[in-house]
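Let's work through a few exercises on salt bridges and helix packing. Have a look at the model first, then follow the solutions step by step.

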Amino acid sequence: MQSDTFKKFEPHLASNKLPSPCFVVDEFAIERNLKVLAYVQERSGAKILAALKAFSLWHLAPQISRSLSGICASGYHEARLGFEEYTNKGENGEVHVFSTAFSDKEFNASLPIAHHMVFNSFSQWDKFKSQCLAYKDTANNNLQLGLRINPEHSEGTTPLYDPCAAGSRLGIPASEFIAYHKKGNNLDGVTGLHFHTLCEQGLAPLKRTLAVIEEKFAAYLPQMQWVNFGGGHHISAPEYDVEGLITLIKNFAKKYNVQVYLEPGEAIAIRAGVLMSEVLDVTNTDRPQVILDTSATCHMPDTLEMPYRADIFYSSGGQLHKAGLAGEKKYTYRLGGMTCLAGDVMGDYSFDTPLTVGDRLLFDDMAHYTMVKTTTFNGIQLPAIVLWNSDTDKINVVREFNYDDFKTRLS
């Protein structure tokens, strides 16, 4: 579906009028995803939050805010962005803040702008509990306080991205709840639980996770007012069982009398963006090599960290074609980035026609967990940000980056 959408973009790709490299995000595709999420909200009664850690293109904040119930943040800076740009300073949506560990400075800055504060450990909860409760009394607001739990149930296949992998620092296991109570403590003041186990997954892994949580945390769920199912739900993917999710949420909410939250990130932006890059050099070593004006390590690090192979589309003969595996098509190249890192390589791809300097390639599905992770390693220029509407064909170059963006982040 992504390639079908971006076939409409081919004339712009061939014109070379857009800056390269650049992220191109399709507003129409974002709206398509948001409609699915809004439908789930309406039918299930859940509140869906935009996870800014995955996609924080705040130029689209008004569009996102019209459909969702707020944002979730992994620290103060994301919380402030959500507060200022997505929720009209908390008037039109909720701001949920979680951190693996709050510093005093970040906690004090986050507290006045948060609707939910979620703690990663009992030690953090004990440290900030009295301050939270005093703030609730003084400000006379409905601040909700929660704990992140670790069900110790892995659904991910890559340890780097698995919050429940052995040795994980994320969340409180059930054994720690038991130990906490044995010390004479209770959960007074805690109004909800948060968990996160998924990574771009469907409904079945969520069902298995909930079964484990209901078993391990059975003593605590009836005490709660809300439960946050976290992120990683591929709700807007074509194959996702949306109706099954709605039923699951409704049943869980009714059983425990809680408000259910979900905080997808990639579901907002999947199949909605590409990274466009230009060929700078074509050469030979022990194989044909292409150097692009982008970088795997700087601009799409998940391709190295996951790792995974991105689909690539290219223009030939006035049509957009998909690159193949090595040897699948007539011309095979190793595609590499501009940095000095030896492993800055996107992979071996094949094409129907030879690549030449100036050709442009589209790396597919590069909106979520890509734009937020870019770096300026080696002084490589950050990709420009372009909004495109595949329905109206309107293009807006939102932001271009330069030397000052590199210099001002250093000292």
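**Exercise 1.** Find the network of salt bridges that includes Asp-348.

*Solution.* Asp-286, Arg-287, Arg-334 and Asp-348 are the linked residues; a salt bridge here is a side-chain nitrogen of Lys or Arg within 4 Å of a carboxyl oxygen of Asp or Glu. Before going on, note that this is a predicted model, in which local features need pLDDT of at least 70, side-chain atom pairs count only at pLDDT 80 or more, and totals for chains, interfaces and linings use all residues. Residues are numbered from 1 along each chain as its sequence is written, and side-chain values use heavy atoms, leaving out hydrogens and water.

Next, take one pair: Asp-348 and Arg-287 meet with an N to O distance of 3.9 Å. Asp-348 sits in strand β16 (residues 345-351) and Arg-287 in the loop between β10 and β11 (288-292), 61 residues apart; strands are DSSP runs of E, at least two residues long, numbered from the N terminus.

**Exercise 2.** Are Arg-360 and Glu-278 buried or exposed?

*Solution.* Start with the contact: the two form a salt bridge, with their closest N and O atoms 3.0 Å apart. Arg-360 belongs to strand β17 and Glu-278 to strand β10 (residues 273-284), so the pair ties together parts 82 residues apart in sequence. Finally, both residues are buried, meaning under 20% relative accessible area (exposed is over 50%, partly exposed in between; 1.4 Å probe, protein chains only).

Notes:
Helices (H or I, at least four residues) and strands (E, at least two) are DSSP runs, numbered from the N terminus.
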